[in-house]
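Got the viewer open and a selection box ready? Let's take a walk through this one, stop by stop.

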Amino acid sequence: MADNPIVAQPAPYKVDVTEGKTYFWCACGKSKAQPFCDGSHKDTGLSPVKYTADADKAVFFCGCKATGKIPVCDGSHSKL
C-alpha cells in the first residue's frame, strides 16, 4: 500500500527551467532535494513525475503534493 505524500512545504517552489531539460518532480515529499526526486520514495509506492521543459521559463512546482495539475502548483496549498 502506498504512503500518502508528505507536504514538503505549504507553497510552490519557483524553479527556472531550461528548454529541453528533463526534471523529476518528487511526488512523495520525502526528498531532501525538493522539489526534485533524490530516490527517497523507495518502498513508498509513489514514483517521481517526469517533466520536460518546453521553454526557458520559471515554473512553480507543487510543494504541498496535493496539486491536481501534477507537477505544477494549482493553488491547492491554500486549502490545506
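Keep in mind that this is a predicted model. Start by selecting phenylalanine 61: with a relative accessibility of 0%, the residue counts as buried. Now add tyrosine 51, which is buried too, at 14% relative accessible area.

Show both side chains as sticks. A search of the whole structure turns up 3 aromatic pairs. In the one formed by tyrosine 51 and phenylalanine 61, the ring centres sit 5.3 Å apart and the planes meet at 85°, so this is an edge-to-face pair. Tyrosine 51 belongs to strand S3 and phenylalanine 61 to strand S4 (residues 57-61), so the pair links parts 10 residues apart in sequence. Widen the selection to Tyr23 and Phe36, and you have one aromatic cluster made of Tyr23, Phe36, Tyr51 and Phe61.

Zoom out and switch to cartoon. How many helices and strands does the chain have? The tally is 0 helices and 4 strands, which gives β-β-β-β when read from the N terminus. The radius of gyration is 12 Å, close to the 12 Å from the globule rule for 80 residues, so the chain is as compact as a globular protein of that length. Rotate the C-alpha trace onto its principal axes and the span is about 35 × 30 × 20 Å. Colour by burial, and 34% of the 80 residues come out as buried. For a contact map, take the contacts with a separation of 6 or more: residues 24 or more positions apart make up 57% of them.

Next, select glycine 29, in the loop between strand S2 (22-25) and strand S3 (49-52). Is glycine 29 buried or exposed? Buried: its relative accessibility is 11%, and the cut-off for buried is under 20%. Beyond its neighbours within four places in sequence, glycine 29 touches Ile6, Ala8, Gln34 and Lys65. Draw a C-alpha to C-alpha distance from glycine 29 to cysteine 64 as well: it reads 7.9 Å, for residues 35 apart in sequence.

Two of those contacts lead on to backbone stops. A little background before you go there: most peptide bonds are trans, and most residues other than glycine have a negative phi.

- Glutamine 34 to proline 35: this peptide bond is cis, with omega near 5°. Proline 35 sits in the loop between S2 and S3.
- Isoleucine 70 to proline 71: here the peptide bond is also cis, with omega near 5°. Look for proline 71 in the segment after S4.
- Lysine 65: phi is near 70°, a positive value in a non-glycine residue. Lysine 65 lies in the segment after S4 and counts as buried, at 10% relative accessibility.
- Aspartate 43: phi is again positive, near 70°. This residue is in the loop between S2 and S3, and at 81% relative accessibility it counts as exposed.

For the last stop, turn on a cavity display. Rolling a water-sized probe over the atoms shows where empty space is left. Here the count is 1 cavity of 30 Å³ or more, and the volume of the largest is about 30 Å³. To frame it, select Cys26, Ala27, Cys28, Cys37, His41, Leu46, Ser47 and Pro48, the residues that line it. What is the make-up of that lining? It divides into 6 nonpolar residues, 2 polar and no charged.

Methods:
Residues numbered from 1 in each chain as written. Heavy atoms only, no water. Helix = DSSP H or I, 4+ residues; strand = E, 2+ residues; numbered from the N terminus. Buried < 20%, exposed > 50% of the residue type's maximum accessible area, 1.4 Å probe, protein only. Contact = heavy atoms within 4.5 Å. Phe/Tyr/Trp six-rings, centres within 6.5 Å; stacked < 30°, edge-to-face > 60°. 1 Å grid on protein atoms, 1.4 Å probe; cavity = no way out; pocket = protein on both sides within 12 Å on 5 of 7 lines; lining within 4 Å. Points joined across faces, edges and corners; volume = space filled by probe spheres on them. Nonpolar A, V, L, I, M, F, W, Y, C, P; charged D, E, K, R; others polar. Rg over C-alpha atoms; globule rule 2.2 N^0.38 Å.
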